[in-house]
Amino acid sequence: MDVRIIVETTFENGTTKTRRLGRLSRPCRSTQPEGFGLLLEDAKSMLWQVQQSILLDQIEEVSEASRVCPDCNKVRTIHDYRPRVLDTLFGRFRVKAPRIRRCACNAKSEVTLGGPLSPLAQFFPDRSTPELQRLQAELGARHSFREAARIMEIFLPCAKQMNTSVRNRLGRIARDIGDSAYAEPVVSSAEKSTAPVTVFLDGAHIRCRPEYQKRHLDVVVGKIESPHISRRFGLVQQVAQSPSRQVRQDLQDTGWDGKSPVTVISDGEPALPNLVRYAVGGPVRHILDWWHISMRVKHVENAVRGLLQTKSFSGIPVLFERPAERLRWYLWHGKVRVGTTSLHWLMADCERLWKDDPEVRGAAARVQARCRELYTYLANNMDSLTDYGRRYRNGLPISSSRAEGCVDDIGNTRMGKRRRMRWSPKGAHHVAIVRAAVLDGRLTSAYQRAAA
């Protein structure tokens with residue numbers, strides 16, 4: 001069996017050009033199991049040839065169309081041809097790019113001063129196609145830069161890929177996303193409403209490169225949810241030109257109209273809700289994450305249980321059990337003052353055990369330490385406490401678990417300790433931006449709009 005591959009191109013002026021790219025031979029008697037169908041190497045060769053045929057015809061058509069002056073409709077002359085290397089997803093090609101002389105009708109115009117025009121340079125200023133850049137950025141956000149380059153070489157007939165090229169193009173795309181070059185509003189102005197928006201925030205800690213004189217970098221990750229859409233985001237505040245502007249852009253893309261209330265749920269770190277306050281330009285409602293409160297209450301319960309299990313305990317168990325058991329109920333229903341009063345009672349009862357055995361005094365000291373930690377945590381976040389039970393019954397979020405998921409998706413999966421990599425602040429910032437766009441599917445759609 002012989003297969004011939006022929007490409008027929010029809011231009012806009014009606015002319016037709018036919019190219020014979022090659023042929024495949026599959027002898028019936030000598031065919032092995034590996035020879036059935038199209039092989040990977042054959043596919044690479046065919047795609048390279050098809051890409052070359054389409055690319056040359058497109059350059060020819062664009063060059064002919066660019067010769068017509070848009071002002072006087074006269075045909076401009078070709079100044080010369082320059083060799084130009086164009087890197088695509090299906091190969092690297094050396095083409096002859098024509099340069100067109102400027103027309104006499106606009107030779108004296110201040111707007112069009114300069115040398116000959118290069119139509120190809122207007123389409124590919126980076127000498128690479130947007131699809132190649134997008135795939136390099138997406139694979140670089142999902143895998144290590146070296147692994148991303150290796151994957152592309154295995155499955156595609158592209159030129160030899162370098163890990164530095166993948167890293168540099170990922171950084172360029174991250175800067176474009178940060179500058180909103182490709183970020184068009186997902187929700188139009190007609191679809192924006194006054195519905196509340198919830199922002200879930202958390203921080204990821206990744207290893208820092210040794211020349212920056214610190215062990216870890218703080219990457220702010222989070223998720224914005226509105227009735228229309230949800231969006232992930234990630235950034236390093238010390239590198240981002242304007243972290244609040246980036247968060248504000250994400251809020252607007254999820255349908256926020258600039259006036260509707262914004263709720264922030266975090267673990268109590270003051271810098272996290274302040275970031276949203278600067279982005280909103282006004283007050284926001286901050287709610288303390290219930291999971292962090294519950295864990296600190298659990299520490300108090302475990303300490304009380306250890307105190308009651310000591311052999312020489314001489315107190316009344318109900319005086320220690322009941323405050324610890326009721327503490328979670330008080331905080332869940334928003335009765336913070338009653339809960340803090342029960343903490344004081346519990347610490348006062350532990351003070352009465354100072355005459356007991358050293359084992360009992362040590363256990364009582366641990367209970368007091370856990371109570372003081374919980375009391376300090378609640379006092380520092382008193383304005384962020386609410387009736388969690390009522391919010392839960394109304395179907396409203398009470399935990400920053402969505403942000404915890406973003407920590408795994410954006411930070412730990414790509415830049416975690418198991419990767420055994422150390423990051424610069426700029427590199428971590430670029431990867432966080434691009435990875436959030438990849439996970440939301442925004443990178444693909446943005447580049448499709450840019451190429452259209």
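Let me begin with Gln 368, which lies in helix H11, the helix of residues 358-380. Please bear in mind throughout that this is a predicted model. Is Gln 368 buried or exposed? Its relative accessible area is 11%, and burial here means a value under 20%, so Gln 368 counts as buried. If we set aside the neighbours within four places in sequence, the residues in contact with Gln 368 are Met 347, Cys 350 and Glu 351.

I turn now to the strands. Strand S6 covers residues 216-225, and 7 of its 10 residues are buried; S6 is therefore largely enclosed by the rest of the structure. Which strands pair with S6? One is strand S5, residues 197-207, which runs antiparallel to S6 and is joined to it by 10 bridges. Within that pairing, Leu 201 has Gly 222 of S6 as its bridge partner. Another is strand S7, residues 230-235, also antiparallel to S6, with 6 bridges between the two. In this second pairing, Ile 224 stands opposite Arg 231 of S7. The connection from S6 to S7 is a hairpin of 4 residues. As a general reminder when viewing these strands, side chains in a regular strand alternate between the two faces of the sheet.

My next topic is helix packing, with two pairs to present.

In the first pair, helix H3 (residues 130-142) meets helix H4 (residues 145-155); their axes come within 8 Å and cross at roughly 130°. H3 and H4 are therefore oblique to each other, and the crossing is right-handed. Which residues make this contact? From H3 they are Leu 132, Leu 135, Gln 136, Leu 139 and Gly 140, and from H4 they are Phe 145, Ala 148, Ile 151 and Met 152. By class, this contact comprises 7 nonpolar and 2 polar residues, with no charged ones.

In the second pair, helix H13 (residues 401-415) packs with helix H14 (residues 425-440) at an angle of about 125°, and the axes are 9 Å apart. The angle falls outside the roughly perpendicular range of 65 to 115 degrees and is not over 145, so H13 and H14 are oblique to each other. Their crossing is right-handed. H13 contributes Asp 409, Ile 410, Thr 413, Arg 414 and Met 415 to the contact, while H14 contributes Ala 428, Val 431, Ala 432, Arg 435, Ala 436 and Leu 439. Here the classes are 7 nonpolar, 1 polar and 3 charged residues.

That concludes my presentation. Thank you.

Key:
Residues are numbered from 1 along each chain as its sequence is written. This is a predicted model: local features need pLDDT of at least 70, side-chain atom pairs count only at pLDDT 80 or more; totals for chains, interfaces and linings use all residues. Side-chain values use heavy atoms; hydrogens and water are left out. Axes are lines fitted to C-alpha atoms, for helices over the stretch in contact, and angles run from 0 to 180 degrees between N-to-C directions. Angles under 35 degrees count as roughly parallel, over 145 as roughly antiparallel, 65 to 115 as roughly perpendicular and the rest as oblique. A crossing is left-handed if the near helix is turned anticlockwise from the far one by less than a right angle, and right-handed if clockwise. Contact means heavy atoms within 4.5 Å. Ala, Val, Leu, Ile, Met, Phe, Trp, Tyr, Cys and Pro count as nonpolar, Asp, Glu, Lys and Arg as charged, and the others, Gly among them, as polar. Buried means under 20% relative accessible area, exposed over 50%, partly exposed in between (1.4 Å probe, protein chains only). Two strands pair if DSSP finds at least two bridges between them.
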